[in-house]
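Q: I have a chain on my screen and would like to learn how to read it. Could you walk me through some features?

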Amino acid sequence: MLLNKRIPLKYIFDSIKKDIIYIVGFSLFINSIILYNSHLLPEIPVAIPAFLGTAISLLLSFKLNQAYDRWWEARKIWGEIVNDSRTLVVQLKSFLKPANQAAIKQITYQQIAWCYALAQQLRKQKALGEIEKYFNENEFNAIKKSEHIPLTILDLSTQQVSSLQRDEQLNVFHQTQIDNTYVRLTASMGKAERIKNTVFPKTYSLFTHAIIYIFIIILSISVAEIDYFYEIIMVTVIAIPFLLLERTSEQIQDPFENRPTDTPLTKISQGIELNLRELIGEEKPAIVENPEDFFVL
């Protein structure tokens with residue numbers, strides 16, 4: 001997630017530098033045709049690219065809106081995960097007898113690991129090395145064999161809660177309340193996976209990108225009477241806002257790709273770990289932050 005800091009110009013330029021090179025190349029090509037074979041190009045009124053630019057603005061506005069909805073839904077889902085993770089540990093502390101501190105600690109660690117594992121799975125990264133410290137040897141061996149690590153961790157936690165109920169450390173009503181929390185956590189996991197696995201229509205992005213280039217070509221022809229040097233600068237400057245908006249929509253439409261514009265899954269998971277460790281009376285882990293960064297992941 002981008003922070004409220006000055007975003008480096010290099011980051012902005014890198015996202016559209018290839019497009020700028022292409023646009024300058026198009027403009028040079030069209031100007032060379034006008035210079036040596038002007039009769040090959042038609043005369044196009046400026047009103048035509050102006051109309052096309054308005055249409056592109058509407059397309060980009062709609063696309064940005066849809067992309068932001070996906071990004072915001074992802075952030076809301078992880079907000080629910082934060083709330084339910086806190087609720088789970090508070091319920092365990094309230095419902096279990098003081099003699100069950102070890103069980104509370106173990107389930108809390110499992111919940112912390114679940115958050116990290118889900119974040120890594122959504123980004124298609126390996127989570128085993130990061131979560132190994134939260135499990136004993138038998139639990140970790142079971143997790144290593146799993147194809148869906150977060151689901152296996154939830155299964156381990158629910159089994160432990162059921163064991164506490166069988167040992168009469170939890171009554172049925174309290175177990176039901178905790179189970180409801182696990183149901184919400186499972187639902188949040190499924191919602192996040194739905195966003196991850198539902199691809200934003202590729203044809204929409206391709207067509208929008210193609211229309212922007214058509215607009216640039218038509219604009220270059222319609223302002224051919226301007227000196228070629230100033231024309232190239234003008235066309236490029238006009239194209240940059242369209243390209244930046246399009247690239248922004250492409251980046252935020254997929255919020256789990258480990259990019260600066262993503263939902264900050266690692267940062268949220270670290271916040272959950274701080275909260276849960278504090279709830280069970282442990283010291284907060286040291287989290288190294290780089291204040292120079294303009295984003296968090």
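Q: How much area does the chain expose?
A: The chain exposes about 16,200 Å², and carbon and sulfur atoms supply 60% of that. Accessible areas come from the Shrake-Rupley method with a 1.4 Å probe; for residues, only the protein chains shown count as cover. This is a predicted model: local features need pLDDT of at least 70, side-chain atom pairs count only at pLDDT 80 or more, and totals for chains, interfaces and linings use all residues. Residues are numbered from 1 along each chain as its sequence is written, and side-chain values use heavy atoms, leaving out hydrogens and water.

Q: What share of the residues is buried?
A: Buried means under 20% relative accessible area, exposed over 50%, and partly exposed in between (1.4 Å probe, protein chains only). Of the 297 residues in the chain, 42% are buried.

Q: How many helices and strands are there?
A: Helices (H or I, at least four residues) and strands (E, at least two) are DSSP runs, numbered from the N terminus. This chain has 10 helices and zero strands.

Q: Which residues of helix 10 are buried?
A: An α-helix has 3.6 residues a turn, so residues three or four places apart point the same way. In helix 10 the buried residues are Leu265, Ile268, Ser269, Ile272, Glu273, Leu276 and Arg277. Seen down the helix axis, they fall within an arc of 165° (taken from the directions from the axis to the C-beta atoms), so they line one face of helix 10.

Q: Where does Ile226 sit?
A: Ile226 lies in the loop between helix 8 (202–222) and helix 9 (228–252). Ile226 is partly exposed, with a relative accessible area of 31%.
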